[in-house]
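This briefing introduces selected local features of one protein structure. Please keep the sequence and the three-dimensional view at hand while reading.

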Amino acid sequence: MEKVTGRAKYVDDLSFPGMLYGRTVRSTIPRGKILSVGLDPEFDWTGFTFVDARDVPSGGRNLIAAIVEDQPCLAGERIEHREEPIALLAHADRGRLEAGLARVEVACAAEPGVLDLGRATEVHKAIAIEKGDLAAGFAEADLVVEGTYRTGHQEQLYIEPNGVIAVPGEGGAITVYGSLQCPYYVVRALRVLLGLPESCGEKVRVVQTTTGGGFGGKEEYPSLIAGHAALLARKAGRPVKMIYDRLEDMVATTKRHPAIVRHRTGVKRDGTLTAIEVDLRLDGGAYVTLSPVVLSRASIHATGPYRCPHVRVAGRVMKTNTPPNGAFRGFGAPQAQFAAEQHMDRIAEALGMDPVLLRRKNLLRVGDTTATGQLLKGSVSAAEVLDRALARHDELLRRNKKSLQRGKTKRGRGVALFFHGSGFTGGGEAKMQSRAALELLPTGARVLVASTEIGQGTRTMLAQIAADALGVPYEWIETADPDTARVPDSGPTVASRTCMIVGGILKRAAQAVRTALGDYATPEQFRQRARALLDGRPSLTFEAQYEKPGEIESRRCGTAPPGRTSAGGAEPSQGSAQEWDDETYRGDAYGAYAWGCNVAEVEVDPVTWEARCTHLTAAIDVGRAIHPMLVEGQIEGGSLQAVGWALSEEVVMQGGRMANGQLTNYIIPTALDGPAMAVEIVENPYPGGPFGAKGVGECPMDGPAPAVVSAIRDAIGVRLDAIPATAERILEAVDRAAGAVSEAAARQVAR
């Protein structure tokens, strides 16, 4: 309601007394050595605050706290990519600030850089997954099919650019207000940068303001801009606001990792997969950021939702002298599964087999094992989503017959099957030990979590879970704003984990409330007991912490997980605690998977070679739809984002910099460009999620691109192994195919 009435306060709506505005001085070369940084002595610097690497406080570290701490907050000696932050400037007057920005003098000695993934040799991270005996698998094959597939950058293009305000306090304290996804990530980054011990929690406070979208682009990057604003604020002794304009946000921030994926697959004549070998390379950019975990998810999903006894996946993230890449909806799985699905079509063509039948023959079912050796025990819906997507798509076409009449355009259909792990990989959730709380009030309860609302409906969904678990009306539940001074660390708002993981913890907090209140049958009895328990106090907080689903199940059965006591002696159920080995990448990668299928209809203009997706059906198994309308919105939004990645969203890099960092030539689909869409919500409950729910945010991103590209091939008979499938790229593929046909005909004549 706050958004639709205009009352919501985004970070740029906020102001503080004495506030300055901050800007960033950036590198204009992709690689080199910094010789000097200074201020033009001919310029009037009155009222300015200037910061460079020398202003990082004693005891602090000039870096961004991350998985691998290789990225400086401000470049002090070397440049590793274009747009790298070198210095910061602040002033109360924006006009004077822009004038001063042009008078900061940076001298660098340029060096040759690596600007292309194909030429990269330095490895940020490598992962190997092995299952069975690859040589034996290829020996069993009647046919070996090979292919190489490429995907490019993608810009998150959230509606609100990055922005923060840093407010200094007494004794070195700092409060940051910002558009961000992960408040506690920013807390840790500021502690490291400013040299503050973890015990001084009150010294660093992070408040998420109303946030206009994130899609992963506001997962780790706010740690950098918050660090910049904090350094300026501490030096100036005044609040500092830093808001990127659209150009700066597009050219300087993280994007989806480009990928080159090579597949080599052994298959029998009947379509049975015998061996899968995948070489997966991602472009990490200049610094590691989140690349190890992006690579992890990409590698685990690289074989697609298919069973195969013999697998080898070799994954690497390479360093280039381009801006670092990071989180984007899907987190490596879309790149990997684009290649896997395109390769399944190539195999079907080589066998002369219907691509749907090939998928149906090999799709994962209960009792199968994944590439990491995970035994699938339940909530496996590959067959169901395939069947329901095909049926629903035919219904969609019948309803939209008129829209299919397009003259001489070429039409085609494509299908993609996919899956997506919910939550952190392996033991990540156990290590995170996320917490959530419910604050009991005389009138109801208040949700206390650090999970952020970035447009996906988190506040509504968590309030629903709390209301249903307590047995009270939804209207009795309030939701606190994510403020680290007030809410526990629930982990980051990423990895399709908020509903399944944080919602599950919140449900256990609600169960603790019910235990404290005793039996009650009606909402009014809840209020009566709550007021009695509060006994005049305004509130009482009940907190819960993450527990593995197997541990919860074991306790219900009366058995004790390791290190805990329990009465009774029943055996644990089949849902035992996850086993995972980070070194070998063997074991249970995820507690549950979401499953999906897309069917796409495209039209290709034979004159301009422009492709348009006219119809798209998505069948997604989400376990349980807590709020069906929000789930449908997530599926539609992610699907349209993926259609843009497939057809039009091309980041053009020149000299290591994004050359089309504006909405006039970075083309995203608008409401007028989107296909007619049908959403089929499939509910195959997962016992470890609240009311059976799994993740939904990322899965819809995985399938539309391969479905659309398969449909283009069906329409024009030409294979595209790279996206986006722009008109230029389609024409090049047509010309190559025509050239290959001509060359083959010439050889036949010569013979």
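Which exposed residues does the face of helix 13 turned away from its buried side carry? They are Gln-528 and Ala-532. The model is predicted: local features need pLDDT of at least 70 and side-chain atom pairs count only at pLDDT 80 or more, while totals for chains, interfaces and linings use all residues. Residues are numbered from 1 along each chain as its sequence is written, and side-chain values use heavy atoms, with hydrogens and water left out.

**Helix 13 and its surroundings**

- Helices (H or I, at least four residues) and strands (E, at least two residues) are DSSP runs, numbered from the N terminus.
- Helix 13 spans residues 523–534 and has 12 residues. From its first C-alpha to its last it reaches 16 Å, close to the 16 Å expected at 1.5 Å a residue; the expected span is 1.5 Å times one less than the number of residues.
- The buried residues of helix 13 are Phe-526, Arg-527, Ala-530 and Leu-534. Here buried means under 20% relative accessible area, exposed means over 50%, and partly exposed lies in between (1.4 Å probe, protein chains only).
- These buried residues cover an arc of only 95° around the axis, which puts them on the same side of helix 13. The arc is that of the directions from the helix axis to the C-beta atoms.
- An α-helix has 3.6 residues a turn, so residues three or four places apart point the same way.
- The cover over the buried residues of helix 13 includes strand 17 (435–441), strand 18 (444–448), helix 11 (458–470), helix 12 and strand 20 (540–545).
- Asp-535 follows helix 13 and has a positive phi, near 50°.
- Ser-539 is located in the loop between helix 13 and strand 20. Ser-539 counts as partly exposed, at 22% relative accessibility.
- Not counting residues up to four places away in sequence, Ser-539 touches Glu-439, Leu-440, Leu-441 and Leu-534, where contact means heavy atoms within 4.5 Å.
- Ser-539 and Trp-476 are 63 residues apart along the chain, and their C-alpha atoms are separated by 14 Å.

**Helices 11 and 9**

- The 13 residues of helix 11 should span 18 Å at 1.5 Å a residue, which agrees with the 18 Å between its end C-alpha atoms.
- Helix 11 is mostly covered, with 10 of its 13 residues buried. Among them are Met-461, Leu-462, Ile-465 and Leu-470.
- Strand 17, strand 18, strand 19, helix 12 and helix 13 are included in what covers the buried residues of helix 11.
- Gly-471, just after helix 11, takes a positive phi of about 75°.
- Helix 9 (residues 382–399) has 18 residues, which should span 26 Å at 1.5 Å a residue; its end C-alpha atoms are 26 Å apart, in agreement.
- The buried residues of helix 9 include Val-385, Leu-386, Arg-392 and His-393. The buried residues of this helix pack against helix 8 (355–362), strand 16 (410–422), strand 23 (592–604), strand 24 (611–621) and strand 27.

**Packing of helix 7 with helix 16**

- Helix 7 (residues 333–351) packs with helix 16 at an angle of about 35°, and their axes are 8 Å apart. Axes are lines fitted to C-alpha atoms, for helices over the stretch in contact, and angles run from 0 to 180 degrees between N-to-C directions.
- Gln-337, Phe-338, Glu-341, Gln-342, Asp-345 and Glu-349 in helix 7 meet five named partners in helix 16: Ala-705, Pro-706, Val-709, Ser-710 and Arg-713.

**Loops and backbone features**

- A cis peptide bond, with omega of about 10°, joins Ile-723 and Pro-724. Pro-724 is in the loop between helix 16 (704–716) and helix 17 (727–750).
- Ser-496 is not a glycine, although its phi is positive at about 50°. This residue is placed in the loop between strand 19 (477–479) and helix 12 (498–517), and Ser-496 is buried, with a relative accessible area of 14%.
- Phe-691, also a residue other than glycine, has a positive phi near 60°. Phe-691 lies in the loop between strand 27 (676–682) and helix 16, and at 29% relative accessibility Phe-691 counts as partly exposed.
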